Every structure is written in C-alpha cells, then in structure tokens.
Amino acid sequence: MKGASLKLWRVTKRFRNVVAVDNLNLEVDRGEFIVLLGPSGCGKTTTLRIIAGLETPDEGRVYIDDVDVTDLEPGERDVAMVFQDYALYPHITVFENIAFPLVVRARKLSLTKRDIEEKVLNVAKMLKIDDLLDRKPTQLSGGQQQRAALARALVKEPKIWLMDEPLSNLDALIRLQVRAEIKKLQKDLGITTVYVTHDQTEALSLADRVAVMNRGRILQIGSPREIYDDPKHIFVATFVGVPPMNLLECRVSDVLECPGFRRKLPEESKEYFKRLNKIYIGIRPEHIEIVSKEEGDLEGVVYVIEPLGPEYIINVLVDDTLIKIKTVKEYTLHSGDKVYLKINWAKAIAFDTATGLSLGKISIA
Amino acid sequence: MRGKLLRTMLINLIVWTLALAWALPYIGVVAVSAMPYKEVVTEGWLRIPNVDSLTLRNYIEALTNPLYDLATGYRNSLIVASISTLIPLIAAALAAYAFSNLDFRLKPLLFGLVLVIMMVPQQLTVVPLFFLYRNLGLYDTMQGIILLHSAWGIAWITFFLRNYFKFIPRSLIEAARVDGASDFRIFSKIVLPLSVPGLIAAALLQFTWVWNDLFYALVFLISRENQVITQKVVMLKGEYHIDWGLLTAGSVISMSMPVILYAVFNKYFMKGVAAWGVKR
C-alpha cells in the first residue's frame, strides 16, 4: 500500500448563506498524517467530505496525485472513509461488511471470491478481529465496531484514508488504545491520512502536521510542536492547550502596561509595538512560576486550586485578570493567599488585538 | 402503593371494556356464521351458541352455490390485491429512494405532487376515469382495476417509504458511495434489506385497502366472472330476505385473508408503522 499526495486549491463551499469552507488551500504529502482541528462548525468535516467527494465545492479544485478529481464520484477517487458512527451495515456480518468495498469492485479489479476472502482475512488479522467475522455489527463492542470500520476502510488499499472523528464515540480508555493503533497502522502502511477532530489532544498526538481551522479557514498549519509553541493566531493559542494560553491585555506606550505590572520595552522593538497601542501577551500556563517576592514579576491572589492528579492548575487573580498556572509542584496555598509570579519571557508571544495575528516573541528580559 | 394498584385496575377495566366493545361485533359475526338460520331469527345473535346445532352449512353454501359464486370472488380478489400491492411497492420503493437520497431538479415540486395525489378523494376522479376506461377498453377488466389501485398505491407508498428510508443513517449510504457502490446497489443491498418492516407494513396496508375496496369495484367491475369478493358478499343479501348465517359466513370468508396476513406479519407491521409517525 502506498499513499498519494493531496492538494486542495482555493476550495470554497457555501450552504445557503453560510460559508462552510472559505478559500481553503491545503497540500498533503505522500504518507503524511494531517489532522484538521477546530471547533464544531469550523468547516473541517465539510473539507473532509469535499476530499471524499460527498460534497462538491462551489469553487476550487481537488487534486489527488496531481490528478484533478473535483468532478469525480466518491467511488472513483480511491479514497476510504471512516465515519464517526462507523457506518457498519447492520444487516450483514462483519465479514460481509469488510468485503463490501471489494465486492462492489470485484469485476473491475477481476477479484475472485477467494481473493476477496484472503484480503478480508488479512486485514481482519491485522486489526485482531479475525475471530469476529461471523458476527453482526450489533454484537460487537464499540471498540470492535471501530476496528471493523477501520478494516473496511483499509481492505481496498486506498490512496487516501479519511477519518471523521472516528474516536469520539468510544470510551476514554479504549479511545487511547485505538488512537495509538491508528497511528501505528498509518505509519506502517504509509497511507496518506486526513483526520478530523475537535479534540486537541488527539490532534497533537496523531498528526505529522495539524491544521487548525476556524470559520472555514485554516489559521495555521504546522507540526504539533509549532502549533503549541508558536501559535500564529490568537485562536490557535486559545484553542490548543489545556488549559489554554493565558492572555494579558497590555497597553503600549513607552512602557508596557499589563495587569499587575509594568515593563520597559526593549529599544529595538519599541517602535514596532508602539504603533499598536494595545496588544495581548500570550503565555502558556506551564511557563508561569510561583516564586518569592524578590523574584516575582507580578503579584496576585490565589482564586482557586484545581488538582489534576499529577499536576495542579492554580488560578490566580491579578487585578481583574484570571491567570492559570500549571505546575507539578505541590504548594500549600489556599484561596485568598497572596502569591508572586514569574513569567518565562522567552516563551511569551505578542498578538495584535485587532487582527488576532501573532506579532512574534516579545523579548523583555 | 394502593393508589398505584387502583390506577392499574382502572386502566385495565377501561381497556378491556373498549376491547370488548370493539371485538363484540366480530365475535357475533363469527358466531352467527356457524348457526342455522332458524336459531338466529328465533333466539338472536348475541349469546353463547348452542354447541349441538353448530354447522358449516353456511360456509359450504356460500362457497359452492353457483348463485353466490364466492370462490370466484375470492380468487379475483387475491389476483387483484396481490398485483395491486406488488406493482406500487416496487415503483414506489424506487421513487422513494430517489426522493430520499438523490438530488434532482424539481424535487420539491414532484414531491408536492405526490402529496397532492395522496389527498385527492377517490370519489372525485371516478366519473372522468369511467369515461377514460370505457374509451381505453379497460372497463370491466381486472387489468383495469389493478392499474387503478396501483396508481393510488404508488402515491402514498412513495410518501410512506420515503419517510422510512430517511431513518437509515446517511453515513451508511455515504460509506457505500465512497466504496464505489452504484445507486442501484445501495438501493438493493442496503436500503431495501434495512427497510423490510416498512415494506411489509406498506404492503399490508395496501393489500387490505385493495381487498376491502367496494367503491371502485362496483363502478369498474360489472361481469360476474370479474367481480371481487366484496361485491359477492353484498350480493349474499337478498332484497326482501336476509339469510344472516349466509351473509356472516361470507363476511368471515372475506375477512379471512387480511386477518391471516396481519396475524403472520403483525410484528413487522408494528415496527413499520411505528416509524411512520416519527418526524425526522
């Protein structure tokens, strides 16, 4: 099995007056695992359906291996899709379900009954459901149904594997297990994969590259590290990360006036920031530390502490802004205690309040 | 606890009373059909039948006497009702698939047309149909009445099955489409097998409707050899004299087919009709 490259070029899709996908460009390399991440209604599923051919774009083209497939039927595109509800046919056995894509094209691919049997068995063994082939889908557990759906998608050796929130109906434990398996399968088989989810943990753990979408547009596309460490848009910064990035609204004059503290701007970037009048400073919860009074950048009052097992989320109120701090250290703090915070400025990012775009690292020592 | 018991008893009482009121005429009909004429007129119909005088004479008379000719009627009804069920079921299933799964021009308009046809009273069309049938040579033929019932059937069954097909999750059909299945394969391998209760419910309703029809039969079937069972049963009633035993035996014979079918397919019928009322 070998993956294909995929390209979406200026794709737009409208539903009545709603623009679901807005002039979207996307290039996926052979064998790459791309995750489309975004809140519901951001157009990620529509994008996937356009790739599958289940929706026709109003504008733009879709290319698979540099062949324009925009006007091809779904069945002619050599893609496979895994649906959120698995979409297993309830009236036939698991075997017949997995065999379905082959039976449909048996004549075209000149497959004999025996060929089909062999292929189904192979893929069933790979997914460890070869002992369940005689059952009906309703007799399987959620995780087994998911495997059967994955098997059906793999059996025809597709060029591109499409997955629409395939894990969202599973229990948390099984989800972790299947998640790792999907990644392993994808890497072993080298199938180009486009995966849609609203779950950022899923996205970061699976993807070679993550495309964060909102309102029909891709706001940023990059490796999970890039998305997490260097968000290019305020939406990416706040959508990715648990808890999301802290945003401090700061006024810019000769100095930077933030909630709870003032800082001198470095000479070289002073002019750059000054024209903006106002900026957000984004800082991830794990890049703020609780320190002694002498070391502290700013002072706040503990609002509430949320223990999460291995780590703690400490909510600190600075002026009227709630700042979340993630730490593995144990503190003997209580609501109302005064604390001093130190920001790791090397990790801080400035955002334009008007456009939401990143202004890059803000280097104030 | 006591209140709950009282409630259950009250509900049971009401339901049983209603059921009895509903079933009593049928029980009466079946009872009378097995009684000699003399007993019915002297002792009345609503009583425990006298076991010694129970007889099958009424049935034998109704079925075999060439004067009444119920057997021919039964045969004709079977032919008319089965074909008038099969034709619209096939045609409507195809139409319903198109309405539920395909996009085409004028779809809302055409679907509106289906609804309008459903709502037209049959009586309204009978006069123009009479002339049309006379001119086409379809008057007083079984083909003619089969076409007529099929045409009415297609409209409501299309509507019924479209709603039923809408219950099939879209992802099933889309999955098949991505796998390269043609519309006909999706229809025959996925949509139809998953709609068996709906198909059975529609078939039962249509079959019973056609079987019980008297109005169209009276207008369009004239000759003795073409007449259906409902017409024959009416003729068991003389102008001046009613043989109650004979008439009820005829009614029981006439009812037997729908009753057997419902008894056999009741489970599917309930499932199928349950889907009918739910909006989706």
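These legends describe close-up views of a predicted model with chains A and B.

**View 1. Chain A as a whole.**
Chain A holds nine helices and 21 strands. Its C-alpha trace spans about 80 × 45 × 35 Å along the principal axes. The chain has 365 residues, and 41% of them count as buried. Take the contacts in chain A with a separation of 6 or more: 66% of them join residues 24 or more positions apart.

**View 2. The two domains of chain A.**
The domain assignment splits chain A into domain 1, residues 6-239, and domain 2, residues 246-361. Their centres, taken over C-alpha atoms, are separated by 39 Å. The two domains of chain A do touch: six residues of domain 1 are in contact with seven residues of domain 2. On the domain 1 side, four of these residues are nonpolar, one is polar and one is charged.

**View 3. The hairpin of β20 and β21 in chain A.**
Strand β20 covers residues 349-352 of chain A, and strand β21 covers residues 358-361. The two strands pair in the antiparallel sense, over three bridges. To find your place across the pair, start at A:Ala350, which stands opposite A:Gly360 in β21(A). Five residues lie between the strands of this hairpin. In the hairpin, A:Gly356 takes a positive phi near 80°. For reading such a view, recall that side chains in a regular strand alternate between the two faces of the sheet.

**View 4. The two domains of chain B.**
In chain B the domain assignment gives domain 1 as residues 2-55 and domain 2 as residues 65-277. The C-alpha centres of these two domains of chain B lie 32 Å apart. Eight residues from domain 1 of chain B and seven residues from domain 2 of chain B make the contact. On the domain 1 side, the elements giving two or more residues are α1 (2-33) and α2 (37-43) of chain B. Helix α1(B) gives the most, with four residues. By class, this side of domain 1 of chain B has seven nonpolar residues, one polar residue and no charged residues.

**View 5. Helix α9 of chain B and its packing.**
Helix α9 of chain B runs over residues 183-194, twelve residues in total. From first C-alpha to last, α9(B) reaches 15 Å. That is close to the 16 Å expected at 1.5 Å a residue. Its buried residues are B:Ile186, B:Phe187, B:Lys189, B:Ile190 and B:Val191. Note the lysine, B:Lys189, in that buried set. What do the buried residues of α9(B) pack against? They pack against three helices of chain B: α4 (70-101), α7 (142-165) and α8 (170-178).

**View 6. Where chain B meets chain A.**
Across this interface, 14 residues of chain B are in contact with 16 residues of chain A. On the chain B side, α8 and α9 each supply at least two residues. The largest share of that side comes from α8(B), with six residues. How do the residues of the chain B side divide by class? Eight are nonpolar, two are polar and four are charged. Helix α8(B) thus appears in two of these views: the buried residues of α9(B) pack against α8(B), and α8(B) supplies six residues of the side that touches chain A.

Notes:
Residues are numbered from 1 along each chain as its sequence is written. Chains are lettered from A and ligands numbered from 1 in the order in which they are written. This is a predicted model: local features need pLDDT of at least 70, side-chain atom pairs count only at pLDDT 80 or more; totals for chains, interfaces and linings use all residues. Two strands pair if DSSP finds at least two bridges between them. The expected span of a helix is 1.5 Å times one less than its number of residues. A residue is buried if 20 or more other C-beta atoms lie within 10 Å of its own, exposed if 12 or fewer, and partly exposed in between; C-beta atoms are placed from the backbone. Ala, Val, Leu, Ile, Met, Phe, Trp, Tyr, Cys and Pro count as nonpolar, Asp, Glu, Lys and Arg as charged, and the others, Gly among them, as polar. Domain bounds come from an automatic or database domain assignment.
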